[in-house]
Amino acid sequence: LRLLGTIATHCLPKAAPIDRRGARLPAASTVEAVVGLTQITRLLGHERRAKTAATPWALPDIDADTNTGTGVSTAAARWPASGDQDSVAMAGEPGVQGFVWQMKDRSESGCRLRGRIVNPNRVLPGALVAFREHHNVPWTLAVVRRLRKRMGDRIGIGLEFVGRNPLVVTLAVEAD
């Protein structure tokens, strides 16, 4: 009976309203976003290296490619600071593709973003997205729940929040 009730609600000519966990409030802000786990980890790793290099008591940094100590990171000298980033290249990190999108509304559990994207296949339901409104605000991690292709290269995505201020963890094997 429960299964038939579920099927019946999905087969109605006019869909029944869905009870939301929180009210959606309109929002009109611009966010910078990064899509995909590898892009997010690269960006967060770069920001961690830049923050470590900026502190006077910086610890030796481990090079992710060779797993060797490199001394104090020179990331701040190679890449521009987080506030100087271009709308496409996030923090100057090579290979990190970022986007500037508009936040249309926000609720307790998620938000809706609209913007341009060259390859809409990168933003599929289930993909991870990290976004923030300003360069000094922590990143918010979310999962794409809905995707709506609009005219041309524009899309609208519905996100469900997973957490705030994600951190990159580097695992290293100690060898004698």
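This passage describes the fold, the strand pairing, the nonpolar cores and selected side-chain environments of a predicted model.

The chain contains 3 helices and 6 strands, which follow one another along the sequence in the pattern α-β-α-α-β-β-β-β-β. Of its 176 residues, 31% count as buried. The accessible surface of the chain amounts to about 11,800 Å², and carbon and sulfur atoms account for 57% of this area. Among the contacts with a separation of 6 or more, 59% link residues 24 or more positions apart.

The strands form a closed barrel of 6 members in the order 1-2-3-6-5-4, with antiparallel pairing. On average, neighbouring strands of this sheet are turned by 45° against each other, direction ignored. Strand 1 pairs with strand 4 in the antiparallel sense through 4 bridges, and Val34 stands opposite Ala130 of strand 4. Helix 2, comprising residues 37-54, packs on the sheet and touches strand 1, strand 4 and strand 5. The direction of helix 2 makes about 40° with that of strand 4.

Further along the barrel, strand 4 and strand 5 run antiparallel and are joined by 4 bridges. Here Val129 has Ala142 of strand 5 as its bridge partner. Strand 5 in turn pairs with strand 6, again in the antiparallel sense, over 9 bridges; within this pairing, Arg148 stands opposite Gly156 of strand 6. Strand 5 and strand 6 form a hairpin with 4 residues between them, and Gly152 in the turn has a positive phi of about 65°.

Strand 6 is also joined to strand 3, by 7 bridges, and these two strands run antiparallel. Gly156 in strand 6 is the bridge partner of Arg114. Between strand 2 and strand 3, which run antiparallel, there are 4 bridges, and Met103 stands opposite Leu113 of strand 3. Strand 2 and strand 3 likewise form a hairpin, with 3 residues between them.

In soluble globular proteins, nonpolar side chains tend to be buried together. In the present model, the largest nonpolar core has 18 residues, of which Trp101, Leu113, Val123, Phe131, Ile157 and Leu159 touch the most other members. At least two residues of this core are supplied by each of strand 1 (25-35), strand 2 (98-106), strand 3 (110-116), strand 4 (128-132), strand 5 (140-149) and strand 6 (154-164). A second, separate core consists of 8 residues, including Val34, Val96, Trp139 and Leu141.

The surroundings of Leu113 were examined in more detail. Apart from neighbours within four places in sequence, Leu113 is in contact with Val31, Trp101, Gln102, Met103, Ile155, Gly156, Ile157 and Leu159. Among these contacts are Trp101, Ile157 and Leu159, which, like Leu113, are listed with the core residues that touch the most other members.

Leu147 is found in strand 5. Because its relative accessibility is 27%, Leu147 counts as partly exposed, and the nonpolar cores are sets of buried residues, so Leu147 falls outside them. Leu147 nevertheless touches Val123, Leu124, Pro125, Ile155, Gly156 and Ile157, when residues up to four places away in sequence are not counted. Of these, Val123 and Ile157 are among the residues of the largest core that touch the most other members. The C-alpha atoms of Leu147 and Leu159 are separated by 9.2 Å, the two residues being 12 positions apart along the chain.

Two polar side chains located in strands were also considered. Thr140 lies in strand 5 and, with a relative accessible area of 5%, is buried. The side chain of Thr140 makes a polar contact of 2.9 Å with the side chain of Arg164. Residues up to four places away in sequence being left aside, Thr140 touches Val129, Ala130, Phe131, Phe161, Gly163 and Arg164. Phe131 is one of the residues of the largest core that touch the most other members.

Glu32 has its place in strand 1. The relative accessibility of Glu32 is 14%, a value under the 20% limit, and Glu32 therefore counts as buried. A polar contact of 2.5 Å connects the side chain of Glu32 with the side chain of Arg132.

How values were computed
Residues are numbered from 1 along each chain as its sequence is written. This is a predicted model: local features need pLDDT of at least 70, side-chain atom pairs count only at pLDDT 80 or more; totals for chains, interfaces and linings use all residues. Side-chain values use heavy atoms; hydrogens and water are left out. A nonpolar core is a set of buried Ala, Val, Leu, Ile, Met, Phe, Trp, Tyr and Cys residues joined through side-chain atoms within 4.5 Å. Buried means under 20% relative accessible area, exposed over 50%, partly exposed in between (1.4 Å probe, protein chains only). Contact means heavy atoms within 4.5 Å. Two strands pair if DSSP finds at least two bridges between them. Axes are lines fitted to C-alpha atoms, for helices over the stretch in contact, and angles run from 0 to 180 degrees between N-to-C directions. A polar contact is a pair of N or O atoms within 3.5 Å; within protein, one must be able to donate a hydrogen and the other to accept it, and residues adjacent in sequence count only if both atoms are side-chain atoms. Accessible areas come from the Shrake-Rupley method with a 1.4 Å probe; for residues, only the protein chains shown count as cover.
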